[in-house]
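Biologist: I would like to learn how the words we use for a protein are earned from its atoms. Could you take me through one, step by step?

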Amino acid sequence: MTYADYMFYVNDYKGILITSADDYAYFAERAGDELAHFATRVSAEDTEAQNALKRCSCRIADILYGDWKQSKNGVSKISSESVSGYYSVSYATPTYGQVRLQINSAIALYLVRYVLGARRVMM
């Protein structure tokens, strides 16, 4: 299930990473899969909570798209760089655990207060 459409992504969330509505539709659906469990706990009448759910969906779509784009293009992030006689650069692609951590962080950032009823969460 998609919680936020491409227009919300561009106009409200101000997303810039995903430039194609078709690509966004795919990754927003995957984000919806990640959020399905939490979405049932978010009140449909609470517009602030629904907006947080949409923003979280957009953030997760960005995370999944970024991971896909890196693996598709063979682009990796620099993991270390040194100059000690010889110039050396090491590259690394995100692991499943790192992507999972980013998704969990997005859920915590946007939804914890609505799902757990907490007003303030310290991390």
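Modeller: Gladly! Keep in mind that this is a predicted model. Let us start in the middle: the largest nonpolar core has 31 residues, and the residues with the most contacts inside it are Tyr24, Leu35, Cys56, Ile60 and Leu111.

Biologist: Which elements give two or more residues to this core?

Modeller: They are H1, H2, helix H3 (47–73) and helix H4 (96–115). H3 gives the most, with 10 residues.

Biologist: How do you know that Cys56 is buried?

Modeller: Its relative accessibility is 0%, and buried means under 20%. The value falls under that cut-off, so Cys56 counts as buried.

Biologist: What does Cys56 touch, leaving aside its neighbours within four places in sequence?

Modeller: Cys56 is in contact with Leu35, Ala106, Ile107, Tyr110 and Leu111.

Biologist: How many disulfides are there by the rule you use?

Modeller: The count comes to zero. Take Cys56: the nearest cysteine sulfur, that of Cys58, is 9.3 Å away. A disulfide needs the two sulfur atoms within 2.5 Å, so Cys56 is in no disulfide. Cys58 is in no disulfide either, its nearest cysteine sulfur being that of Cys56. Cys58 has a relative accessible area of 0% and is buried.

Biologist: What about Ser57: is it buried or exposed?

Modeller: Ser57, found in helix H3, has a relative accessible area of 0%. Buried means under 20%, so Ser57 is buried. Not counting neighbours within four places in sequence, Ser57 is in contact with Tyr3, Ala4, Ala28, Ala31 and Leu35.

Biologist: And what makes Ala52 a buried residue?

Modeller: The reasoning runs along similar lines. Ala52 has 7% relative accessibility, and the limit for buried is under 20%, so Ala52 counts as buried. Ala52 lies in helix H3 and touches Tyr110, Leu111 and Tyr114, with residues up to four places away left out. Ala52 and Arg113 are 61 residues apart in sequence, yet 9.9 Å apart in space, C-alpha to C-alpha.

Biologist: Why is Trp68 called partly exposed?

Modeller: Trp68 has 32% relative accessibility. Buried is under 20% and exposed is over 50%, with partly exposed in between, so Trp68 counts as partly exposed. Trp68 is in helix H3, and its C-alpha is 9.7 Å from that of Phe27, a residue 41 places away in sequence.

Biologist: Then which word fits Lys14, buried or exposed?

Modeller: Lys14 has a relative accessible area of 58%. Exposed means over 50%, so Lys14 is exposed. Lys14 sits in the loop between helix H1 (6–11) and helix H2 (21–39). Its phi is near 65 degrees, a positive value in a residue other than glycine.

Biologist: Let us turn to charges. How many salt bridges does the structure hold?

Modeller: There are two. In one, the closest N and O atoms of Arg30 and Asp33 are 3.6 Å apart. A salt bridge needs that nitrogen and oxygen within 4 Å, so Arg30 and Asp33 form one. Being three residues apart in helix H2, Arg30 and Asp33 are separated by about one helical turn.

Biologist: What makes Glu34 and Arg100 a salt bridge?

Modeller: Their closest N and O atoms are 2.6 Å apart. The limit is within 4 Å, so this pair is a salt bridge. The pair links distant parts of the chain, with Glu34 in helix H2 and Arg100 in helix H4, 66 residues apart. Glu34 is partly exposed at 25% relative accessible area, and Arg100 is partly exposed at 22%.

Biologist: How do you know that Asp62 has no salt bridge?

Modeller: The nearest side chain of opposite charge, Arg59, is 4.8 Å away. A salt bridge needs a distance within 4 Å, so Asp62 has none, although Asp62 is buried. Asp62 is placed in helix H3. Leaving aside neighbours within four places in sequence, Asp62 is in contact with Tyr9, Tyr13, Leu17 and Ile18.

Biologist: To finish, what pattern does the chain follow along the sequence?

Modeller: The pattern is α-α-α-β-β-α, from four helices and two strands. Buried residues make up 32% of the 123 residues in the chain.

Terms used:
Residues numbered from 1 in each chain as written. Predicted model: local features only at pLDDT ≥ 70, side-chain atom pairs only at ≥ 80, totals over all residues. Heavy atoms only, no water. Buried < 20%, exposed > 50% of the residue type's maximum accessible area, 1.4 Å probe, protein only. Core = buried A, V, L, I, M, F, W, Y, C linked by side-chain atoms within 4.5 Å. Contact = heavy atoms within 4.5 Å. Lys, Arg positive; Asp, Glu negative; His and termini not counted.
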